[in-house]
Number of protein chains: 2
Amino acid sequence: MTTAVIIGTGNVARHLFDALKGAETVRVVQVLGRNPGELTYFGKYCETALIKEGMRYADIYIIAISDDAISTVSQSLDFNIGLVVHTSGSLPVSVLNTTCRKGVLYPLQTFSRDRDCNFREVPVCIEAEDPDDLLLLRNLAEGISDRVCELSFLKRRQLHLAAVFVNNFGNHLYYLAGQLLRDEALPFDMLQPLIEETAAKLGQMSPREAQTGPARRGDLKTMAVHRQLLEEGIYQTLYDLMSNSIQKTYAKNL
Amino acid sequence: MTTAVIIGTGNVARHLFDALKGAETVRVVQVLGRNPGELTYFGKYCETALIKEGMRYADIYIIAISDDAISTVSQSLDFNIGLVVHTSGSLPVSVLNTTCRKGVLYPLQTFSRDRDCNFREVPVCIEAEDPDDLLLLRNLAEGISDRVCELSFLKRRQLHLAAVFVNNFGNHLYYLAGQLLRDEALPFDMLQPLIEETAAKLGQMSPREAQTGPARRGDLKTMAVHRQLLEEGIYQTLYDLMSNSIQKTYAKNL
């Protein structure tokens, strides 16, 4: 049985905790947070404490907090022994400010407070400086996910950057499309089946194969009409940028 | 019982046909195509014919073909009587080159040959010049979808444009992210759970609420690192454009 302490109470901490408490090979012995209110949920299932209070001993300490707080918080904690990991996609192991053994446990998903998550499908990227620690981390990760992979910092950082494109920018595309609908008093949920199917079909084909639309077809007439309909600024600029990029993509390898 | 003839054999025609043959209030009496091979699938369930051959009588003729062929094909067909509709999101009723009554039946979805579709969830937008025709079209549409709505051309065109943003541009974002992964020899399917969850969570919250990431947080340090990691050209340009637009979105209504 691997024991773990979770430091943090946000969405990542919460979903990690929910997954870990269902794992047979792991026991979360404590959750640490900044204030009592944030700890209420966790307190129903395990011991909790404020960060400034003492920590339990554990095999693995998981710091699941925002990127910019990792260095400070890791320094403030009094880890005696054990492996300390953070959950960030974009930071190196060395951001952990501790003399303890170090590693990373990065779950690649967007976590929301009120949405359940099937953690077994979430890719969990692990990294550790020591081979034994890597094994320890792998055992913990495999207790909650079927998609555990060891990734170097450079690969993890690139994965995180790709995630920014599909999640952050993808979501902003949805927002921009929603504004287009609002201009004509159309409800956003009309797009929901299309948005979900656009995402889901990639389980069966590559984005290259899935591409459709006027830019893919080289339908200049429709593209000209679209540009006229769009406001100058972000809408026209984005339309041109994406349409040109789509056209280039398919011109390249003909 | 409403009778229908489908003209066309592509993905839209195929999925419409599959939905209509399951509807209790509609009977597809014939499918017309350009060559015998394309008609094989439909021939298992109903009468088929080549476009140049004669048409059956029906209450509604559904021209489900590519935008640029609608005018020519509708002119070449010998409709005697009945309502003729096309399935395009971006063209007016008037593109139908016929003396018959006219309308539109636009299903808002991306249809793939090898993927099943729950048509009852697909928004179906209808338009007709005559109120009786609108009723006829509504009856047919409600036989296959729970989300039928009457939309003017201007609203339908705007909806189609929004669909280009989420589907065509969304898919191209997936492609670009896939290229970032390829640079580090990472498999695309690592992103699949994130892509699907980014889409699915909009069933529960608005894109405005769902936005996360460095641009949303105003995390200039991470954004600077991201820009350095990206190639000049589409990647950097898109990163700046989307990040600026996200920052503006949240600066606006604080």
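**Exercise 1. Identify the partner of A:Arg147 in a salt bridge, and place that pair within the contact between the two chains.**

Solution. In this predicted model, A:Arg147 forms a salt bridge with B:Asp189, and their closest N and O atoms are 3.5 Å apart. A salt bridge here is a side-chain nitrogen of Lys or Arg within 4 Å of a carboxyl oxygen of Asp or Glu. Between chain B and chain A the count is four salt bridges.

The next step is the extent of the contact, where contact means heavy atoms within 4.5 Å: 81 residues of chain B are in contact with 80 residues of chain A. The two chains bury about 8,300 Å² between them, with 67% of it on carbon and sulfur atoms; buried area is the accessible area (1.4 Å probe) that two parts lose on being put together, summed over both. On the side of chain B, the residues that lose the most area to chain A are B:Arg115, B:Phe165 and B:Met190, which together make up 9% of what that side buries.

As to conventions, residues are numbered from 1 along each chain as its sequence is written, while chains are lettered from A and ligands numbered from 1 in the order in which they are written. Local features need pLDDT of at least 70 and side-chain atom pairs count only at pLDDT 80 or more, whereas totals for chains, interfaces and linings use all residues, and side-chain values use heavy atoms, with hydrogens and water left out.

**Exercise 2. Describe how H6(A) and H6(B) are arranged, and state which residues make the contact.**

Solution. Helices (H or I, at least four residues) and strands (E, at least two) are DSSP runs, numbered from the N terminus. Axes are lines fitted to C-alpha atoms, for helices over the stretch in contact, and angles run from 0 to 180 degrees between N-to-C directions. The axes of helix H6 (residues 192–200) of chain A and helix H6 (residues 192–200) of chain B come within 9 Å and cross at roughly 180°. H6(A) is therefore roughly antiparallel to H6(B), a label for angles over 145 degrees.

The contact is made by A:Gln192, A:Ile195, A:Glu196, A:Ala199 and A:Ala200 of H6(A), together with B:Gln192, B:Ile195, B:Glu196, B:Ala199 and B:Ala200 of H6(B).

**Exercise 3. Give the strand order of the open sheet in chain B, and find its edges and the helices on it.**

Solution. The eight strands follow the order E3-E2-E1-E4-E5-E6-E7-E8 (chain B), with mixed pairing; two strands pair if DSSP finds at least two bridges between them. Strand E3 (47–50) and strand E8 (147–150) of chain B each have a single partner strand, so one side of each is left without a neighbour in the sheet. Neighbouring strands are turned by 25° against each other on average, direction ignored.

Within the sheet, strand E1 (residues 2–7) and strand E4 (residues 60–63) of chain B pair in the parallel sense over four bridges, and B:Val5 has B:Tyr61 as its bridge partner in E4(B). Helix H4 (residues 131–142) of chain B packs on the sheet, and its direction makes about 165° with that of E7(B). Helix H1 (residues 11–21) of chain B lies across E1, E2, E4 and E6 of that chain, running at about 155° to E2(B).

Terms used
Angles under 35 degrees count as roughly parallel, over 145 as roughly antiparallel, 65 to 115 as roughly perpendicular and the rest as oblique.
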